[in-house]
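Colleague: Could you take me on a close look at one part of this model, and then show me how that part sits in the rest of the chain? I'd be glad of a connected walk-through rather than a list.

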Amino acid sequence: VTVPFLAVMFLTGLIIYFRKPKEERQIVFGGLDKSVGIYSVCIVLSFLFALNRQAAWMGASGWYMGVVAQALLVLVYFAVSHAKIPVNMLLICNASGSAVCFLIGILQRIGYNPINLYGEIADIISGDFIATIGNRTWFSGYACAVAPIGIYLCWKAEDRKSKIIWGCYTLLAFGGLTASHSDSAYIGLAVVLFAIFIMSIGDGKRLVAFCRLLTLLFGSTFGISLLRLQNKELAVPTRGIANVVFNVGLMATCLLISILLWIAVWAVCRHREKNRGTTAPSQSGRHLQAGCVSVVCAAVLLAVVFVALNTLGIPEKWFGFTVHNPYFIFSDEWGDMRGWTWKMTCRMFVELPILQKIFGVGADCYGYYAYAVSEHAEEFARIWTDTPLVNAHNEWMNMIFCQGLLGGITYLWIFIAGVIRFIRSKVHPLVPAVGLCVLVYMAHDFFCYQQICAAGPIFVLMGAASVLDKKYHKEGKL
């Protein structure tokens, strides 16, 4: 469905564009447009220098993220970013489609399979596959690409109607993300909550709204935990972090704490409003924001250092202890064999000729190179006996390997530029919401891979946010 999906999105964008009056068909290229345009040149160069152009044209079997898909992603972006976007229609389609997907995924995880998508093999594959999307990381990738819009709008909602609509959506979104049992989804969830928390600092109303989000999160997980408990024979078994997430007692405690916190923050804000006459953002909030970001970045860096030291056995030598939790030992098995995959990818990249380092081995040709060209083909076949490995399980690493340093870094810059441009924008609520989607997508796919069910929507959303941003700048509505 990769090529048909992108083709339909591209044609839809063209139709919307050509329905505009001629005087409105002005093509204005912004910074993000230029980044996507440069990436289109990198796609062509990578194809010209590909080791096997036939393999690079469509990409790996079953994935099909080759030159055709990459080019269509670019075309979809430009078709949407230069069209007159009906914002309400976009929000309705995104919210309604994803909400149904989340609901079906939640039902499948608690033991109900309303559409019986996998038939007789449903019980066998239920742990790794979720109805409507497929593999749990495909599901979480799609959820991380689209759910932050609804979560952000729930946080920004002012009137009761918006709070109810986006609150219900956010309940389903949180349920879908947590019920996926994907560690990548939990990372994406942590990023979206942390980003919204940072944006809430210094603004009383927004802090109250953030507490509301926490209550929805723990309310969703607590509700699913109870349903799993009542239907334990049919519910899909949990593993890893999901064992903690769906602990009934823990979630009940977290829900109670979040409600009390919500009430306390609301009361403090009301008190400040009566005494000072405002709960608007304060200047000190910016310093607090910078401080929180710095602390979290330092904590992540320390965690990486600790994992490295723990893997080398330094704590055992120096202090006489070792953390045996698999998350803190970067072995070959770390992250469902991502440890082995990342190390092997780096080794193969170092061994590449200089031309392939710059332009890559070819779009979506990781599997082709690993099994047909690399000196490590036998090792790949031995480790991945059932299903061939066709990507690096890290989108940014995989793009550098397949598209080379030139294409991979340019592709990464598209997303960095999207976050920088959109997330601080004040021209329209959808624009920073899309910036949040891009940020969460980047975090999720550090541990995942490019796939059409996530990459397609994120390029559509970036195109929509880009045209809104340009429109409001042009009209001076800032």
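Modeller: Happy to! Let's begin with helix 17, whose buried residues pack against helix 15 (334-351), helix 18 (377-383) and helix 19 (395-422). Please keep in mind that this is a predicted model. Helix 17 itself covers residues 366-373, and its buried residues are Tyr-366, Gly-367, Tyr-369 and Ala-370.

Just ahead of this helix, in the loop between helix 16 and helix 17, you will find Asp-364. Its phi is positive, about 60°, although Asp-364 is not a glycine. With a relative accessibility of 10%, Asp-364 counts as buried, because the cut-off for buried is under 20%.

On the other side, follow the chain to the loop between helix 18 and helix 19, where Trp-384 lies. Which residues does Trp-384 touch, leaving aside its neighbours within four places in sequence? The contacts are Asp-336, Met-337, Trp-340, Thr-341, Tyr-371 and Leu-389. Take Met-337 from that set: its C-alpha atom is 9.7 Å from that of Trp-384, although 47 residues separate the two along the chain. Met-337 belongs to helix 15, one of the helices that the buried residues of helix 17 pack against. Met-337 also has a positive phi, near 75°, and is a residue other than glycine.

Helix 18, another of those packing partners, carries a salt bridge between the side chains of Glu-379 and Arg-382, at 3.9 Å from N to O. The two residues are three apart in helix 18, so about one helical turn separates them. Glu-379 counts as partly exposed at 26% relative accessibility, whereas Arg-382 counts as exposed at 54%.

Helix 19 is the remaining partner, and a salt bridge leads out from there too. Asp-469 pairs with Arg-421, and their closest N and O atoms are 2.9 Å apart. This pair links distant parts of the chain, as Asp-469 is in helix 21 (residues 452-475) and Arg-421 is in helix 19, 48 residues apart. Asp-469 is buried, with a relative accessible area of 6%.

Beyond helix 19, in the loop that leads to helix 20 (430-444), sits His-428. A polar atom of the His-428 side chain lies 3.0 Å from the backbone nitrogen of Leu-430. At 18% relative accessibility, His-428 counts as buried.

Now to the surface. Val-44, Leu-48, Phe-49, Ile-354, Leu-355, Ile-358 and Leu-406 make a nonpolar patch of about 580 Å². Which helix gives the largest share of this patch? That is helix 16, with three residues. Helix 2 (31-48) and helix 16 (354-359) each supply at least two residues. Phe-49, also in the patch, is placed in the loop between helix 2 and helix 3 (53-58), and at 30% relative accessibility Phe-49 counts as partly exposed.

Aromatic residues deserve a look as well. One aromatic cluster is formed by Tyr-39, Trp-396, Tyr-411, Phe-415, Tyr-441 and Phe-459. The structure holds 34 aromatic pairs. In one of them, the rings of Tyr-152 and Trp-155 have centres 5.4 Å apart and planes at 55°, so the pair is tilted. Tyr-152 and Trp-155 are three residues apart in helix 7 (residues 136-156), which puts about one helical turn between them. Both count as buried: Tyr-152 at 6% relative accessibility, and Trp-155 at 3%.

Six salt bridges turn up in a search of the whole structure. One of them joins Lys-205 and Glu-158, with closest N and O atoms 3.2 Å apart. Because Lys-205 lies in helix 10 (residues 204-230) and Glu-158 in the loop between helix 7 and helix 8 (160-179), the pair ties together parts that are 47 residues apart in sequence. Lys-205 counts as partly exposed at 44% relative accessibility, and Glu-158 counts as partly exposed at 45%. Salt bridges with shared partners join Glu-158, Lys-205 and Arg-206 into one network.

To finish, here is the wider setting. The chain has 21 helices and two strands, and 50% of its 478 residues count as buried. Among contacts between residues at least 6 apart in sequence, 73% join residues at least 24 apart. The accessible surface comes to about 22,900 Å², and 68% of that belongs to carbon and sulfur atoms.

Definitions and conventions: Residues are numbered from 1 along each chain as its sequence is written. This is a predicted model: local features need pLDDT of at least 70, side-chain atom pairs count only at pLDDT 80 or more; totals for chains, interfaces and linings use all residues. Side-chain values use heavy atoms; hydrogens and water are left out. Buried means under 20% relative accessible area, exposed over 50%, partly exposed in between (1.4 Å probe, protein chains only). Helices (H or I, at least four residues) and strands (E, at least two) are DSSP runs, numbered from the N terminus. Contact means heavy atoms within 4.5 Å. Patches are made of residues with over 30% relative accessible area and no salt bridge: like charges are joined within 9 Å, nonpolar side chains (Val, Leu, Ile, Met, Phe, Trp, Tyr) within 5 Å. Accessible areas come from the Shrake-Rupley method with a 1.4 Å probe; for residues, only the protein chains shown count as cover. A salt bridge is a side-chain nitrogen of Lys or Arg within 4 Å of a carboxyl oxygen of Asp or Glu. A polar contact is a pair of N or O atoms within 3.5 Å; within protein, one must be able to donate a hydrogen and the other to accept it, and residues adjacent in sequence count only if both atoms are side-chain atoms. Rings of Phe, Tyr and Trp (its six-membered ring) pair if their centres lie within 6.5 Å; planes under 30 degrees apart count as stacked, over 60 as edge-to-face and the rest as tilted.
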